[in-house]
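Visitor: I would like to learn how to read aromatic contacts and a helix in a model. Where do we begin?

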Amino acid sequence: MLPQLDTPKYKLDLPSNGETIEYRPFLVKEEKILLLAMESMKEDNSDAIASATFDIIKSCTFNNVKPESLTNFDLDYLFLNIRSRSRGELIESAFVCQNEVDGEVCGTSNDVSVNINDIEVTFPEEDNSKVMITDEVGIQFKYLSSGELKKYGKEKSETDKMFKIIVDSIDYIFDEEKVYKGSETPKKELMGFIETLNEKSFKEIRNFFDDQPTLKHTIPYKCSKCGYKEDIVIEGLEAFFDLA
């Protein structure tokens, strides 16, 4: 029998709830999954990217974590930390300068370096998860898991998608006398409740969804040729996946 190789183990705390997760670096089998997913990116196959990320996280957490149960920002944060332990803390990439000089695009390729340890989850400055409809009636929202959000990926209508996500994100509705749990209330009834709201209340609900926690990093960028300066903002799973 061939010798068994020891794999180092690490721990991190999830940004959403502080839960401690144990994980290991990529092995060759995960590198293969990652490479195949990156090939799919050329075909704009976001499903392949999501599936690959789920598979890698599940394997690298010793099957103790269900990726579909994590929020998107927890998922991204965990994935990047696994990547850091696998390939090093620095991500090397290049950006092509799009600044116009004398009517022509500069086009110079500039190398940039990102330290994964500097990348953090950005939380909204205000907690918009509770929306008061009247002085007595309100809605408490929750962050959906990546698995819950994944099912909306093939929704054709953006409007229908938005309303379904709003309904599924209702943790509970409350008044002075009672709490109505979203999980125990028929979807049709919840949808009907949302559709009766006025524009002011709906705008407050949209604030919660427009300003959710996200893994985001800003890179100060200066072109080595034309001197053009710009802050490059990297945000979302696919952007970081591309850098990995």
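Guide: With the rings, keeping in mind that this model is predicted. The structure holds 10 aromatic pairs.

Visitor: How are the rings of F26 and F79 arranged?

Guide: Planes between 30 and 60 degrees apart count as tilted. The F26 and F79 planes meet at 45 degrees, with ring centres 6.2 Å apart, so this pair is tilted.

Visitor: Which parts does that pair tie together?

Guide: F26 is in the loop between strand 2 (20-23) and helix 1 (28-41), while F79 is in helix 3, so the pair joins parts 53 residues apart in sequence.

Visitor: Are F26 and F79 buried or exposed?

Guide: Buried means under 20% relative accessible area. F26 has 8% and therefore counts as buried; F79, at 1%, is buried too.

Visitor: What kind of pair do F208 and F209 form?

Guide: An edge-to-face one, with 80 degrees between the planes and 4.9 Å from centre to centre. F208 is buried at 3%, whereas F209 is partly exposed at 21%. Both belong to a cluster linked by ring pairs, with F73, F123, F141 and Y143.

Visitor: Which residue lies over the face of F62?

Guide: K9 does, at 5.1 Å from the ring centre.

Visitor: What span should helix 3 have?

Guide: The expected span is 1.5 Å times one less than the number of residues. Helix 3 (residues 72-87) has 16 residues, so 22 Å is expected, and its end C-alpha atoms are 22 Å apart, in agreement. Its buried residues include F73, L75, L78 and I82.

Visitor: What follows helix 3?

Guide: G88, with a positive phi near 105 degrees.

Technical notes: Residues are numbered from 1 along each chain as its sequence is written. This is a predicted model: local features need pLDDT of at least 70, side-chain atom pairs count only at pLDDT 80 or more; totals for chains, interfaces and linings use all residues. Side-chain values use heavy atoms; hydrogens and water are left out. Helices (H or I, at least four residues) and strands (E, at least two) are DSSP runs, numbered from the N terminus. Buried means under 20% relative accessible area, exposed over 50%, partly exposed in between (1.4 Å probe, protein chains only). Rings of Phe, Tyr and Trp (its six-membered ring) pair if their centres lie within 6.5 Å; planes under 30 degrees apart count as stacked, over 60 as edge-to-face and the rest as tilted. A charge sits over a ring if NZ of Lys or CZ of Arg is within 6 Å of the ring centre and within 35 degrees of the ring normal.
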